[in-house]
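Hi,

Here is the structure I promised to pass on to you. Please have a look at it first, and then read my notes below.

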Amino acid sequence: LGLVIVSSIGMFAYREAAWVVGLSAAIAFFLIGTLKSHRIAGAFAAIAKRVPLLRRVAPYADEFSDSGSALLGWRSICVLSLVSAVSWSFESATFVVVLHGFGQEVTWAMVNSATFAWVVATLAGGLLLVPGGLGIVEGGATGIAVTLIEPLNRSTSAAATLVTRMATLWIPAAIGV
(Lines give C-alpha, C1' and ligand atoms only; values in the text may rest on other atoms or scores of the structure.)
Protein backbone atom coordinates (compact mmCIF):
# COMPACT_ATOMS: atom_id res chain seq x y z
CA LEU A 1 0.00 0.00 0.00
CA GLY A 2 2.94 2.33 0.63
CA LEU A 3 4.10 1.88 -2.96
CA VAL A 4 0.56 2.52 -4.21
CA ILE A 5 0.40 5.76 -2.20
CA VAL A 6 3.74 7.01 -3.57
CA SER A 7 2.95 6.00 -7.16
CA SER A 8 -0.55 7.48 -7.14
CA ILE A 9 0.90 10.98 -7.45
CA GLY A 10 2.54 10.24 -10.79
CA MET A 11 -0.24 7.91 -11.93
CA PHE A 12 -2.46 10.83 -12.91
CA ALA A 13 0.23 12.25 -15.19
CA TYR A 14 1.26 8.88 -16.65
CA ARG A 15 -1.93 6.90 -17.15
CA GLU A 16 -0.18 4.15 -19.15
CA ALA A 17 1.02 2.52 -15.92
CA ALA A 18 -2.21 3.01 -13.98
CA TRP A 19 -3.06 -0.68 -14.37
CA VAL A 20 0.03 -1.70 -12.36
CA VAL A 21 -0.94 0.65 -9.52
CA GLY A 22 -4.59 -0.40 -9.65
CA LEU A 23 -3.80 -4.10 -9.73
CA SER A 24 -1.38 -3.72 -6.81
CA ALA A 25 -3.99 -1.87 -4.75
CA ALA A 26 -6.63 -4.48 -5.58
CA ILE A 27 -4.33 -7.35 -4.57
CA ALA A 28 -3.37 -5.60 -1.32
CA PHE A 29 -7.00 -4.95 -0.36
CA PHE A 30 -7.98 -8.50 -1.36
CA LEU A 31 -5.25 -9.97 0.85
CA ILE A 32 -6.17 -7.71 3.76
CA GLY A 33 -9.85 -8.57 3.35
CA THR A 34 -9.02 -12.27 3.17
CA LEU A 35 -6.97 -12.12 6.35
CA LYS A 36 -9.66 -10.16 8.18
CA SER A 37 -12.54 -12.44 7.11
CA HIS A 38 -12.76 -15.80 8.87
CA ARG A 39 -15.29 -17.00 6.30
CA ILE A 40 -13.02 -16.34 3.31
CA ALA A 41 -9.98 -17.74 5.13
CA GLY A 42 -12.05 -20.84 6.00
CA ALA A 43 -12.98 -21.29 2.34
CA PHE A 44 -9.30 -21.13 1.36
CA ALA A 45 -8.47 -23.63 4.11
CA ALA A 46 -11.12 -26.02 2.77
CA ILE A 47 -9.63 -25.75 -0.72
CA ALA A 48 -6.10 -26.22 0.67
CA LYS A 49 -7.16 -29.46 2.37
CA ARG A 50 -7.97 -30.92 -1.06
CA VAL A 51 -4.75 -29.84 -2.78
CA PRO A 52 -1.93 -32.33 -2.10
CA LEU A 53 0.87 -29.74 -1.88
CA LEU A 54 -1.12 -27.49 0.45
CA ARG A 55 -2.66 -30.19 2.65
CA ARG A 56 0.02 -29.99 5.34
CA VAL A 57 -0.41 -26.20 5.85
CA ALA A 58 -4.23 -26.27 5.92
CA PRO A 59 -4.46 -26.89 9.71
CA TYR A 60 -2.66 -23.59 10.32
CA ALA A 61 -5.13 -21.53 8.27
CA ASP A 62 -7.35 -20.62 11.23
CA GLU A 63 -4.38 -19.55 13.34
CA PHE A 64 -3.04 -17.53 10.39
CA SER A 65 -6.43 -15.85 9.94
CA ASP A 66 -6.74 -15.04 13.65
CA SER A 67 -3.21 -13.59 13.77
CA GLY A 68 -3.72 -11.61 10.56
CA SER A 69 -7.01 -10.22 11.78
CA ALA A 70 -5.45 -9.15 15.07
CA LEU A 71 -2.45 -7.51 13.40
CA LEU A 72 -4.33 -5.83 10.58
CA GLY A 73 -6.68 -3.45 12.32
CA TRP A 74 -7.67 -0.51 10.14
CA ARG A 75 -5.70 1.90 12.31
CA SER A 76 -2.51 -0.15 12.03
CA ILE A 77 -3.02 -0.57 8.28
CA CYS A 78 -3.23 3.21 7.86
CA VAL A 79 -0.24 3.97 10.08
CA LEU A 80 1.95 1.24 8.55
CA SER A 81 0.96 2.26 5.02
CA LEU A 82 2.08 5.82 5.73
CA VAL A 83 5.37 4.59 7.24
CA SER A 84 5.83 2.40 4.17
CA ALA A 85 5.11 5.33 1.84
CA VAL A 86 7.78 7.41 3.60
CA SER A 87 10.24 4.52 3.34
CA TRP A 88 9.61 3.97 -0.37
CA SER A 89 9.88 7.74 -0.92
CA PHE A 90 13.42 7.57 0.46
CA GLU A 91 14.28 4.74 -1.93
CA SER A 92 12.85 6.78 -4.80
CA ALA A 93 14.84 9.79 -3.58
CA THR A 94 17.95 7.64 -3.84
CA PHE A 95 17.16 7.11 -7.53
CA VAL A 96 16.72 10.88 -7.97
CA VAL A 97 20.06 11.58 -6.24
CA VAL A 98 21.85 8.98 -8.36
CA LEU A 99 20.32 10.41 -11.55
CA HIS A 100 21.52 13.85 -10.43
CA GLY A 101 24.98 12.34 -9.90
CA PHE A 102 24.85 11.15 -13.50
CA GLY A 103 24.21 14.72 -14.66
CA GLN A 104 20.42 15.03 -14.69
CA GLU A 105 19.06 18.41 -13.66
CA VAL A 106 16.77 18.09 -10.65
CA THR A 107 13.39 19.65 -11.37
CA TRP A 108 9.96 18.87 -9.98
CA ALA A 109 9.09 17.07 -13.23
CA MET A 110 12.25 14.95 -13.02
CA VAL A 111 11.63 14.06 -9.36
CA ASN A 112 8.03 13.10 -10.15
CA SER A 113 9.05 11.05 -13.19
CA ALA A 114 11.96 9.30 -11.46
CA THR A 115 9.85 8.51 -8.39
CA PHE A 116 7.05 7.17 -10.54
CA ALA A 117 9.47 5.09 -12.64
CA TRP A 118 11.11 3.56 -9.57
CA VAL A 119 7.89 2.79 -7.72
CA VAL A 120 5.99 1.35 -10.70
CA ALA A 121 8.97 -0.85 -11.58
CA THR A 122 9.08 -2.04 -7.96
CA LEU A 123 5.34 -2.76 -8.01
CA ALA A 124 5.75 -4.73 -11.24
CA GLY A 125 8.61 -6.72 -9.69
CA GLY A 126 6.34 -7.61 -6.79
CA LEU A 127 3.37 -8.52 -8.97
CA LEU A 128 5.46 -10.86 -11.10
CA LEU A 129 6.64 -12.71 -7.98
CA VAL A 130 10.32 -12.54 -8.85
CA PRO A 131 12.58 -12.64 -5.77
CA GLY A 132 13.50 -9.05 -4.98
CA GLY A 133 12.02 -8.04 -8.32
CA LEU A 134 15.36 -9.00 -9.89
CA GLY A 135 15.53 -7.95 -13.51
CA ILE A 136 12.01 -6.54 -13.49
CA VAL A 137 12.83 -3.50 -11.35
CA GLU A 138 16.05 -2.78 -13.21
CA GLY A 139 14.54 -3.13 -16.67
CA GLY A 140 11.31 -1.38 -15.72
CA ALA A 141 12.93 1.59 -14.01
CA THR A 142 15.39 1.99 -16.88
CA GLY A 143 12.69 1.88 -19.55
CA ILE A 144 10.18 4.06 -17.74
CA ALA A 145 12.80 6.66 -16.78
CA VAL A 146 14.07 6.90 -20.38
CA THR A 147 10.50 7.38 -21.57
CA LEU A 148 9.54 10.02 -19.00
CA ILE A 149 12.74 12.00 -18.38
CA GLU A 150 13.56 14.01 -21.50
CA PRO A 151 17.34 14.24 -21.92
CA LEU A 152 17.99 10.86 -20.26
CA ASN A 153 19.54 8.19 -22.50
CA ARG A 154 19.26 4.43 -22.02
CA SER A 155 22.83 3.78 -20.86
CA THR A 156 22.72 6.54 -18.23
CA SER A 157 19.32 5.33 -17.05
CA ALA A 158 20.57 1.73 -16.80
CA ALA A 159 23.70 2.79 -14.89
CA ALA A 160 21.68 4.94 -12.48
CA THR A 161 19.22 2.11 -11.94
CA LEU A 162 21.99 -0.39 -11.19
CA VAL A 163 23.74 1.97 -8.78
CA THR A 164 20.43 2.61 -7.00
CA ARG A 165 19.72 -1.12 -6.75
CA MET A 166 23.20 -1.66 -5.35
CA ALA A 167 22.58 0.99 -2.71
CA THR A 168 19.02 -0.02 -1.82
CA LEU A 169 19.07 -3.81 -2.21
CA TRP A 170 22.49 -5.42 -2.42
CA ILE A 171 24.43 -3.46 0.20
CA PRO A 172 21.66 -3.87 2.83
CA ALA A 173 21.34 -7.56 1.91
CA ALA A 174 25.10 -8.03 2.34
CA ILE A 175 24.97 -6.28 5.72
CA GLY A 176 22.07 -8.56 6.69
CA VAL A 177 24.04 -11.65 5.76
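What follows is a short tour, from the whole chain down to a few single residues.

Please keep in mind throughout that this is a predicted model.

**The chain as a whole**

The protein chain is built from eight helices and has zero strands, so you can read its pattern along the sequence as α-α-α-α-α-α-α-α. Its C-alpha trace spans about 55 × 35 × 30 Å along the principal axes. Of the 177 residues in the protein chain, 36% are buried. The accessible surface comes to about 10400 Å², and carbon and sulfur atoms account for 71% of that. I also looked at contacts between residues at least 6 apart in sequence: 66% of them join residues at least 24 apart.

**Helix 7 and its surroundings**

Helix 7 covers residues 136-148. At 1.5 Å a residue, its 13 residues should span 18 Å, and the end C-alpha atoms are indeed 18 Å apart, which agrees. Which of its residues are buried? They are Val137, Glu138, Ala141, Thr142 and Ala145. Seen down the axis of helix 7, these buried residues fall within an arc of 125°, so they line one face of the helix. As for partners, the buried residues of helix 7 pack against helix 5 (74-101), helix 6 (108-127) and helix 8 (154-176).

Ser157 gives a view of this packing from the side of helix 8, where it lies. With a relative accessibility of 0%, Ser157 counts as buried, because the cut-off for that is under 20%. Leaving aside neighbours within four places in sequence, Ser157 is in contact with Ala141, Thr142, Ala145, Val146 and Leu152. Ala141, Thr142 and Ala145 are also among the buried residues of helix 7.

**Helix 5: an aromatic pair and a serine**

The count of aromatic pairs comes to one. The rings of Phe95 and Trp118 have their centres 5.0 Å apart, with planes at 35°, so this pair is tilted. Phe95 sits in helix 5 and Trp118 in helix 6, so the pair ties together parts that are 23 residues apart in sequence. Are the two residues buried or exposed? Phe95 is buried, and Trp118 is buried as well.

Ser89 is another residue of helix 5. Its relative accessible area is 34%, so Ser89 is partly exposed. The side chain of Ser89 reaches the backbone oxygen of Ala85 at 2.7 Å. If you follow the chain backwards, Ser89 and Val6 are 83 residues apart in sequence, yet in space they are 6.7 Å apart, C-alpha to C-alpha.

**One loop residue to look at**

Between helix 6 and helix 7 there is a loop, and Leu129 is found in it. Leu129 is not a glycine, but it has a positive phi of about 55°. Is Leu129 buried or exposed? At 75% relative accessibility, Leu129 counts as exposed, since the cut-off for that is over 50%.

If you open the model, you could begin with helix 7 and the helices its buried residues pack against, helix 5, helix 6 and helix 8. From there, turn to the tilted pair of Phe95 and Trp118, and then to Leu129 in the loop between helix 6 and helix 7.

Best wishes

Key:
Residues are numbered from 1 along each chain as its sequence is written. This is a predicted model: local features need pLDDT of at least 70, side-chain atom pairs count only at pLDDT 80 or more; totals for chains, interfaces and linings use all residues. Side-chain values use heavy atoms; hydrogens and water are left out. Helices (H or I, at least four residues) and strands (E, at least two) are DSSP runs, numbered from the N terminus. The expected span of a helix is 1.5 Å times one less than its number of residues. Buried means under 20% relative accessible area, exposed over 50%, partly exposed in between (1.4 Å probe, protein chains only). The arc is that of the directions from the helix axis to the C-beta atoms. Contact means heavy atoms within 4.5 Å. A polar contact is a pair of N or O atoms within 3.5 Å; within protein, one must be able to donate a hydrogen and the other to accept it, and residues adjacent in sequence count only if both atoms are side-chain atoms. Accessible areas come from the Shrake-Rupley method with a 1.4 Å probe; for residues, only the protein chains shown count as cover. Rings of Phe, Tyr and Trp (its six-membered ring) pair if their centres lie within 6.5 Å; planes under 30 degrees apart count as stacked, over 60 as edge-to-face and the rest as tilted.
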